[in-house]
Amino acid sequence: MDLPYISRSLGIVHPLCIERGRNAEVWDEAGRRYIDFIGGIGVLNLGHGHPAVVEAVKAQVETLMHSAFNALPHRGYLAVAEALDRFVPVSYPLSCMLTNSGAEATENALKVARGATGRQAVIAFDDGFHGRTLAALNLNGKVKPYKVGLGSLPGPVYHLPFPSRDSEVSAEEALRALARLFEVEVSAEEVACIIVEPVQGEGGFRLLCPDFARALRELCDRHGILLICDEIQSGFGRTGHPFAFTHLGIEPDLLLMGKSMAAGLPLAAVAGRAEVMDSLAKGGLGGTYSGNAVACAAALAVMEVMREERLAAWAERQETLIVEAHQRWRESGRFPMLGALTGIGAMRGVVFEDTPAASGAEHLAALLEAGCEAGVLLMPSGRKRNVLRLLPPLTAEPAILEEGLALIERALASLPT
């Protein structure tokens with residue numbers, strides 16, 4: 001695919017250009033149909049062109065397209081803030097600011113954490129991903145391709161191993177690493193915040209160990225450290241709950257949201273306890289496009305559609321189909337490269353293992369190409385890019401999901417073993 005005028009530093013997974021989409025299906029410029037298991041990398045939990053979102057956006061465009069909230073507030077921003085207070089399952093009243101992207105939410109959360117604590121150090125986790133802007137980059141838990149050649153990044157940032165049933169790291173090992181960090185690298189009294197994904201996205205759809213999460217919450221309370229949950233990819237229903245931190249039995253001090261928040265329009269947020277969110281001087285938060293009126297209209301429609309019972313039913317249906325397909329593929333003995341299934345709910349990854357024929361990453365790269373040829377669009381993840389992440393819309397029709405999984409099986413059959 002020829003990409004004139006586009007920086008070569010942008011990585012393109014599939015060399016095609018899509019023209020239109022409907023729920024879990026897309027069509028390219030040549031009119032060829034694909035089943036979309038990428039979903040805008042977690043942006044389209046309600047699919048392409050959800051009718052309720054489309055109608056809300058149309059109505060808003062005809063009324064007010066934009067007002068910079070810092071200069072002249074508009075009702076959409078206020079309504080989204082109120083709706084988030086109902087939608088986010090925490091025990092305290094929510095205070096928020098809207099942003100354009102998840103990375104921008106991350107950057108503002110770091111500012112807020114510094115302002116609230118008077119501290120600078122941050123603890124993040126191996127294989128985590130929090131954005132591509134400069135301070136967010138240093139939080140990311142791997143070097144390639146994000147940090148290569150950039151030199152010193154804003155900090156100080158310290159990384160811990162990520163404990164998960166989907167990894168080889170236990171809660172005890174991670175807690176020992178944290179104790180060592182406080183003894184050898186930085187005192188707890190210098191740490192402003194700990195940022196963690198309840199389910200890692202780029203890291204391979206791995207669920208944080210609940211025992212570790214609860215120990216982390218207690219440690220943060222003891223030392224006055226803010227706990228930030230990055231739910232930019234795992235939030236808005238992906239795991240069967242509005243947000244994945246409820247699977248862990250904790251509440252964050254700050255919550256990062258984005259991706260599926262506005263069904264494809266650029267909107268994200270950082271939200272949390274009012275005493276934390278109010279810590280910066282007036283004017284310390286804001287942005288020209290943050291909380292755009294049209295994006296706010298989309299977000300309100302999203303939260304109206306995403307009722308708890310619907311999210312649970314959608315995720316259970318999708319999880320059942322994926323788990324059954326994965327079990328069938330492995331039990332067939334035809335695909336020796338297939339490893340474990342990671343994640344929770346409808347946020348699922350498939351690990352690809354090394355075989356004599358190829359590495360796990362090579363197998364997955366071949367699958368992405370074969371899948372595209374078969375008519376299903378797929379996305380890699382993981383430090384070694386050997387974990388297939390499955391992100392079809394939660395609203396995808398069962399027949400379309402089953403068709404997509406059958407196309408994946410057909411593509412698997414074409415791989416060398």
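Helices here are DSSP runs of H or I with at least four residues, strands are runs of E with at least two, and both are numbered from the N terminus. With that in hand, let's work through this predicted model.

**Exercise 1. Find which peptide bonds leading into Pro145 and Pro156 are cis or trans, and place both prolines in the fold.**

Step 1: Start with the bond from Lys144 to Pro145; its omega is near 0 degrees, making it cis.
Step 2: Now take the bond from Gly155 to Pro156, where omega is near 5 degrees, and that one is cis too.
Step 3: Look up where they sit. Pro145 is in the loop between α5 and β6, and Pro156 is also placed in the loop between α5 and β6.

**Exercise 2. Work out how β5 and β6 run and what handedness they have with α5.**

Step 1: Strand β5 (residues 121-125) and strand β6 (residues 157-160) run parallel, joined by four bridges.
Step 2: For a landmark, find Phe125, which stands opposite Leu160 in β6.
Step 3: Add helix α5 (residues 134-139), and β5, α5 and β6 give a right-handed β-α-β unit.

**Exercise 3. Put the strands of the open four-stranded sheet in order and say which ones stand at the edges.**

Step 1: The order is β11-β12-β15-β14, with antiparallel pairing.
Step 2: β11 (338-344) and β14 (379-381) each have a single partner strand, so they are the edges, and one side of each has no neighbour in the sheet.
Step 3: From one strand to the next, the twist averages 30 degrees.
Step 4: Check the pairs. β11 and β12 share five bridges, with Leu341 opposite Val350 in β12. β14 pairs with β15 (residues 387-390) over three bridges, and Pro380 has Leu388 as its bridge partner in β15.
Step 5: Helix α10 (residues 308-331) packs on this sheet, touching β11, β12 (347-352) and β15, and its direction makes about 165 degrees with that of β11.
Step 6: Go back to β11. Six of its seven residues are buried, so the rest of the structure largely encloses this strand.
Step 7: Finish at the hairpin formed by β11 and β12, which has two residues between the strands; Gly345 in the turn has a positive phi of about 60 degrees.

**Exercise 4. Decide whether Asn23 and Lys259 are buried or partly exposed.**

Step 1: You'll need the cut-off: buried means under 20% relative accessible area.
Step 2: Asn23 has 13%, so Asn23 is buried. This residue lies in the loop between β1 (18-22) and β2 (25-28), and its phi is near 55 degrees, a positive value in a residue other than glycine.
Step 3: Lys259 comes in at 25%, so Lys259 counts as partly exposed. Its loop is the one between β9 (254-257) and β10 (268-273), and phi of Lys259 is near 45 degrees, again positive.

**Exercise 5. Identify the helix that gives the largest share of the largest nonpolar core, and what packs against this helix.**

Step 1: The largest nonpolar core has 98 residues, and Leu84 and Phe236 are among those with the most contacts inside it.
Step 2: Nine residues, the largest share of this core, come from helix α9 (residues 293-305).
Step 3: Turn to α2, where Val53, Val57 and Gln60 are buried. They cover an arc of only 65 degrees around the axis, so they sit on the same side of α2.
Step 4: The buried residues of α2 pack against α9.

Terms used. Residues are numbered from 1 along each chain as its sequence is written. This is a predicted model: local features need pLDDT of at least 70, side-chain atom pairs count only at pLDDT 80 or more; totals for chains, interfaces and linings use all residues. Side-chain values use heavy atoms; hydrogens and water are left out. A nonpolar core is a set of buried Ala, Val, Leu, Ile, Met, Phe, Trp, Tyr and Cys residues joined through side-chain atoms within 4.5 Å. Buried means under 20% relative accessible area, exposed over 50%, partly exposed in between (1.4 Å probe, protein chains only). Two strands pair if DSSP finds at least two bridges between them. Axes are lines fitted to C-alpha atoms, for helices over the stretch in contact, and angles run from 0 to 180 degrees between N-to-C directions. Contact means heavy atoms within 4.5 Å. A crossover is right-handed if, with the strands pointing away from the viewer, the path from the first strand over the helix to the second runs clockwise. The arc is that of the directions from the helix axis to the C-beta atoms.
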